[in-house]
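Reader: I would like a close look at one part of this model, the nonpolar core. Please set it in its surroundings and keep it brisk.

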Amino acid sequence: MDIEQHLPILQVIVPLLFAPLIVLLQPRGLAWMATVAVCGLSFAIAVNLAMLVHGGQVLEYNLGGWQPPFGIALRVDALSALLLLIVTGAATVAALGCRESFNQQIEAHRQPLFFAAWLLLLAGLVGMVATADAFNIFVFMEISSLAGYILIAGGPDRRALLAVFKYLIMGTIGATFYLIGVGMVYMMTGTLNLDDMSRLIPGIADKTPIVFAAAFITIGLCLKAAMFPLHVWLPNAYTHAPHGVTVFMAACGTKVAIYVLVRFSFMVFQKGDLHHGLEFSMFLMPLGLLSIVVASAVAMFEGRLKRMLAFSSVAQMGYIFLGVSLLTNAGLTASFTHMFNHALAKGALFLSVACLSMRFWDLRIDQLAGAAKTMPLTCAAFLVGGLSLIGVPGTAGFISKWLLIQALMAEGELGLLMVGIVLISSLMAVVYIWRTIEVLYFKQPLKDPAATVVLAEAPILMLSVTLVTAFANILFGLLPDLPISLAAMAADILAGADQ
Amino acid sequence: MTIIFSLFLLSLLVVTALAMIRTTNLFVAAMLMSIFSLLMAANFFILDAADVALTEAAVGAGVTTVIFLSALRLTSQHERGPLASRRWIAKIVVVVTTMLLLYGTFDKPRLGDPNAPVHLYVAPYYLENTEALMGFPNVVTAVLSSFRGYDTLGEVFVVFIAAVGVMFILDARQGKGPEYEMPEAGLKHHLIPRAVGALLIPFMLLFGLYVQFHGEYGPGGGFQAGAIIATAFILYALLEGEKTALNAFSRNAQMVLIVCGSSLYGAVGVICMLKGGTFLDYSVLLDDPVAGRQAGIIIIELGVGMAVCGALLSIFHAFAARRPMVANR
């Protein structure tokens with residue numbers, strides 16, 4: 001068996017097929033170890049795929065030995081390779097770095113089921129990214145959504161159940177809209193293969209079912225991607241989820257929906273479709289700008305740490321949408337780079353939140369006063385992640401914001417206005433990150449002994465993973481070649497398809 | 001004649017759906033949902049989709065209704081409605097979306113048009129080649145288990161994750177603690193249900209097995225068979241009480257059934273890879289590709305049946321074995 005040839009399918013089935021076996025690993029800690037091992041293996045596969053794709057290959061894989069469109073095909077190009085890196089990396093880091101947090105929040109006998117759901121979330125997300133079939137995307141969307149609901153529902157108090165119910169209803173509507181859209185495209189073309197669709201659609205692009213399919217797919221995926229004003233499920237879901245789950249989902253969950261949206265918009269509905277430019281400039285661009293401003297403003301006044309970071313995630317999704325909606329090569333490159341860098345920044349931030357939660361029961365910002373005295377390293381990691389989120393030079397976040405501003409500058413006067421908005425929202429990010437930093441570093445610790453458990457650093461494994469993630473923010477800020485070159489290749493593929 | 005009948009069924013569907021929205025009694029809503037599924041199954045049957053009709057009847061009208069009812073037993077029967085103002089917004093959104101959907105389908109090909117794109121592209125290939133490639137006539141089974149077998153694998157894992165989710169959230173794996181006392185004796189003291197049920201169960205099991213192993217030739221397959229067999233066990237649990245049913249078929253056995261079923265499907269795919277094909281390429285399993293495909297399909301359908309049966313049973317028991325809350329408002 002030639003492993004290299006099978007890499008695309010191994011990427012999906014390694015987490016998928018190990019998930020049932022995890023359920024059987026009852027003894028304490030075993031399920032966690034197996035999960036970390038499987039996540040690590042998936043990450044290794046993703047790295048291999050990224051290297052192959054970086055060398056200029058596009059990997060295709062026909063399942064069941066059937067040629068598409070008769071069977072299902074997988075396809076890994078630069079864009080999917082970048083997303084695979086983000087998803088598998090986030091799963092590995094979050095699983096490895098939150099062991100004590102899991103033990104604190106999930107009872108031991110429930111952990112095997114929890115970790116099975118963890119692996120299925122990973123499998124669902126990579127399955128959506130790796131496939132080249134519209135219905136197959138839906139199947140893996142169902143797997144990842146259900147697994148996501150379960151993981152969030154594992155949160156320590158009952159508010160998690162309410163939050164997840166809201167997410168479940170909205171997520172189901174989003175997935176149904178996507179399915180309606182795919183059904184309409186199938187009705188008009190007779191195929192489910194994405195490449196095949198892009199070949200057949202130009203001839204019938206002005207038929208109403210195709211136009212409405214584009215609308216339904218866009219709205220459904222915007223719901224999944226927590227695009228403003230469809231983001232209402234996200235803040236509570238992220239806030240009440242177990243900390244490790246927040247790390248995983250904040251780093252990659254919504255980005256996969258954007259990936260699918262971009263795939264459809266550029267590679268399926270583009271050619272000869274008048275509505276394509278319209279959809280982006282009239283719909284996504286203003287909404288992207290609005291989500292940047294509104295979500296940043298809400299984050300400035302939010303008192304709970306996790307909820308503040310969740311609103312910041314909505315704002316960051318706005319940057320990604322904004323870059324994509326420019327429809328230029330530079331804009332796409334900026335967006336894809338930002339997906340990678342935002343995953344790094346949010347990963348570091350939520351990991352340090354998980355570390356803080358090991359010592360502080362209450363994660364309202366004012367309760368964390370003086371944490372830097374007892375947890376200097378955790379707070380340093382939070383600081384680095386925050387700087388990267390703001391976009392301070394020398395961190396990863398700076399690279400993608402710089403690319404985005406360059407892309408916007410090329411748009412003329414309107415672009416300058418948008419640059420202004422990006423800068424203002426960066427200042428807002430300074431405000432809400434600084435507010436936390438000030439409390440962590442410069443406030444006197446509260447005298448109330450009930451607020452803290454032990455005055456000490458986080459457990460060593462959690463702390464070291466957090467520090468490594470924070471360090472990666474600086475590393476990719478100084479040596480940004482890998483994400484940028486993958487993003488540029490991805491932008492070329494999409495822009496090429498757009499002509 | 002068919003057109004009149006299907007118009008009648010479709011209008012009944014709309015009426016049922018509206019009634020379902022109107023009612024605030026959740027018990028009534030669950031029953032209406034069951035009727036809705038049954039009507040839907042009849043519609044599918046009129047459209048010649050017998051496989052789908054069988055699934056809808058077994059899962060939609062049968063098992064889900066029982067699961068809804070056992071969940072309702074744990075909460076209140078009456079719905080607390082949203083604010084009146086919000087209800088208006090919801091109604092407007094629904095009406096607008098419906099209008100858009102109707103308008104969006106104006107350019108669609110007429111139902112049953114032989115020149116519609118769906119009938120000209122992929123479907124003819126399946127129709128012409130199934131017999132030669134697989135050696136059996138049921139095209140639906142061929143598409144589900146071989147041409148698009150990867151989707152079906154995904155769906156099996158959807159079923160798996162549903163069971164995992166219910167057990168995780170209700171913490172039903174152990175079935176211990178105050179929530180899990182099982183004093184009820186089912187319908188033990190009701191003579192007529194017991195006598196009729198005892199007569200039905202063997203036939204349900206037999207029919208389930210027939211659907212399982214005859215899926216290549218007639219409508220049916222693992223999904224439907226799993227649901228039918230699960231229904232037989234659920235009926236047993238209703239008649240004899242939870243305790244007896246769980247003694248006969250324990251939670252751990254159900255879990256093992258799910259894990260084995262889904263792993264069996266995956267393992268077939270991996271064996272195909274080890275034998276030199278791609279994932280789920282059953283033709284390499286035996287020397288003769290047609291026989292190989294048949295063998296592969298029979299094994300994966302078995303895996304599907306096991307996983308679905310185990311998952312539905314464990315979801316049912318997770319609800320049914322729980323004691324209703326005392327504070328039942």
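What percentage of the 499 residues of chain A count as buried? And which residues sit at the heart of the contacts in the largest nonpolar core, those that touch the most other members?

Author: This is a predicted model. Start with chain A. Of its 499 residues, 62% count as buried. The overall dimensions come next. The C-alpha trace of chain A spans about 70 × 60 × 40 Å along its principal axes. A compact globule of 499 residues would have a radius of gyration near 23 Å, and chain A has 22 Å, so the two agree. The secondary structure of chain A comes to 20 helices and 2 strands. Contacts reach far along the sequence. Take those in chain A between residues at least 6 apart: 80% of them join residues at least 24 apart.

Now the core itself. The largest nonpolar core holds 277 residues. Within this core, L82(A), V87(A) and A117(A) touch the most other members. Helix α11 of chain A, residues 243-268, gives the most to this core, with 18 residues. Chain B takes part too. Its domain 1 (1-108) and domain 2 (116-329) both give residues to this core, so the core lies between them.

Zoom in on V87(A). Set aside its neighbours within four places in sequence. V87(A) is then in contact with L122(A), L125(A), V126(A) and V129(A). C252(A) and V256(A) complete the list of its contacts.

There is also a second, separate core, of 6 residues. Among them are M134(B), A142(B), V143(B) and F147(B).

How values were computed: Residues are numbered from 1 along each chain as its sequence is written. Chains are lettered from A and ligands numbered from 1 in the order in which they are written. This is a predicted model: local features need pLDDT of at least 70, side-chain atom pairs count only at pLDDT 80 or more; totals for chains, interfaces and linings use all residues. A nonpolar core is a set of buried Ala, Val, Leu, Ile, Met, Phe, Trp, Tyr and Cys residues joined through C-beta atoms within 7 Å. A residue is buried if 20 or more other C-beta atoms lie within 10 Å of its own, exposed if 12 or fewer, and partly exposed in between; C-beta atoms are placed from the backbone. Helices (H or I, at least four residues) and strands (E, at least two) are DSSP runs, numbered from the N terminus. Domain bounds come from an automatic or database domain assignment. Two residues are in contact if their C-beta atoms, placed from the backbone, lie within 7 Å. The radius of gyration is taken over C-alpha atoms; the globule rule is 2.2 Å times the number of residues to the power 0.38.
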